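Grab a pencil and let's work through a few exercises together. Try each task on your own before you read the solution.

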Amino acid sequence: MKQLPSSEVKPMSSVATHGREVESGSADLTGWRNLPPEYAIPEHAPALAVAQEYCRRLARTHYENFSVASWFLPGSLRQHFFNVYAYCRISDDLGDEVGDAGASLELLDQWERELDACYEASPRHPVFVALAETVSSLNIPKAPFADLLKAFRQDQRVTRYETFDDLLGYCRYSANPVGRLVLYVCGYRDAERQQLSDFTCTALQLANFWQDVTMDWAKGRLYLPLEDLRKCGVSEADIASQKNTPAFCQMMRFQVDRARDWFQQGLPLAGKVDKELAVDIGLFSRGGLEVLNAIKRQKFAVLGRRPAISKPRKLALVARAALRKFL
């Protein structure tokens, strides 16, 4: 990602600014230096226009799928989505890219203090300067933003889940808040749409888990429920050695079917929102289902070979979404 000019956003230093002390301990040394320098909390807040450009740049350069999806967003809401995405992106990186659990926890604490400052109209980080305008104009509660941080903290402390219900409890914080934030930005606040969004976001999270078993294992994490491993006769040693045994593949078939059921439960949401948001919901849901199809095409042998959607299939999904938008 391109760095912002140093005159616009200056990295954090160990000084007290606006009455709030900034820690300069191990988190600064071990944490922030392992992340892009522009992630650090600056000493002084940038102007709103600079902060908004920071979020636009982060959203458009950091994640291809979000950049594509933003084509279909209502123009009047696009900046708000950029701001929310930037918050989610950096929050995720604070939990996943630091390389030290203690440092991650400290950085997440600093990040949550900036979230608190955002709701008190005194943030310094460009993401929160931009986000303050979004949450104020759209009346978005703090809870879904804070819930995401609970998930990223949990990642530092919990690496196994005994039951599927335990895993769903994690998804409640890691995935579902994102969908609720999207609904808030688009003006939907009712429980029915939130529940349908939760189904979709949990399904997307499950599809990602089943796609990334090997990658997560390399990070010391296993999201497959331990009770399912035992029932199917699969050991963690099988996963460590990337053995796609018949028992493992049968278990993955069950997990894929389970995720597909959650997608089905969330599908009615697209018919309960405006057409532009429905296009995005459909794009992400079909993309998640395509991940499950890719796993199936590999006969559920995901260890050592990450299932992926082919470029022609991705283009077909985007073309279909574009056609729905223009028609």
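Which residue's side chain meets that of Arg 113 in a salt bridge?

Before we solve that, some ground rules: this is a predicted model, where local features need pLDDT of at least 70, side-chain atom pairs count only at pLDDT 80 or more, and totals for chains, interfaces and linings use all residues. Residues are numbered from 1 along each chain as its sequence is written, and side-chain values use heavy atoms, with hydrogens and water left out.

**Exercise 1: the partner of Arg 113**

Step 1. Get the rule straight: a salt bridge is a side-chain nitrogen of Lys or Arg within 4 Å of a carboxyl oxygen of Asp or Glu.
Step 2. Recall the idea behind it: side chains of opposite charge can pair when their charged atoms come close.
Step 3. Apply the rule: the partner is Glu 106, at 3.6 Å from N to O.
Step 4. Check the surroundings. Arg 113 is partly exposed at 33% relative accessible area, and Glu 106 is partly exposed too, at 25%. (Buried means under 20% relative accessible area, exposed over 50%, and partly exposed in between, with a 1.4 Å probe and protein chains only.)

**Exercise 2: a pair within a helix**

Work out how Glu 53 and Arg 56 are placed in helix α2.

Step 1. Helices here are DSSP runs of H or I with at least four residues, numbered from the N terminus; α2 covers residues 48-62.
Step 2. Glu 53 and Arg 56 sit three residues apart in α2, so about one helical turn separates them.
Step 3. Their side chains meet in a salt bridge of 2.8 Å, N to O.
Step 4. Both are partly exposed: Glu 53 has a relative accessible area of 28%, and Arg 56 has 22%.

**Exercise 3: one more pair, then a network**

Find the salt-bridge partner of Arg 193, then see which residues salt bridges join into a network.

Step 1. Arg 193 pairs with Asp 190, and their closest N and O atoms are 2.6 Å apart.
Step 2. Arg 193 is partly exposed at 23%, as is Asp 190 at 26%.
Step 3. Now for the network: salt bridges with shared partners link Glu 53, Arg 56 and Arg 57 into one.

**Exercise 4: the whole protein**

How many salt bridges does the rule give, and what percentage of the residues count as buried?

Step 1. Counting by the rule gives 18 salt bridges.
Step 2. Of the protein's 327 residues, 52% count as buried.

Note on methods. Helix = DSSP H or I, 4+ residues; strand = E, 2+ residues; numbered from the N terminus.
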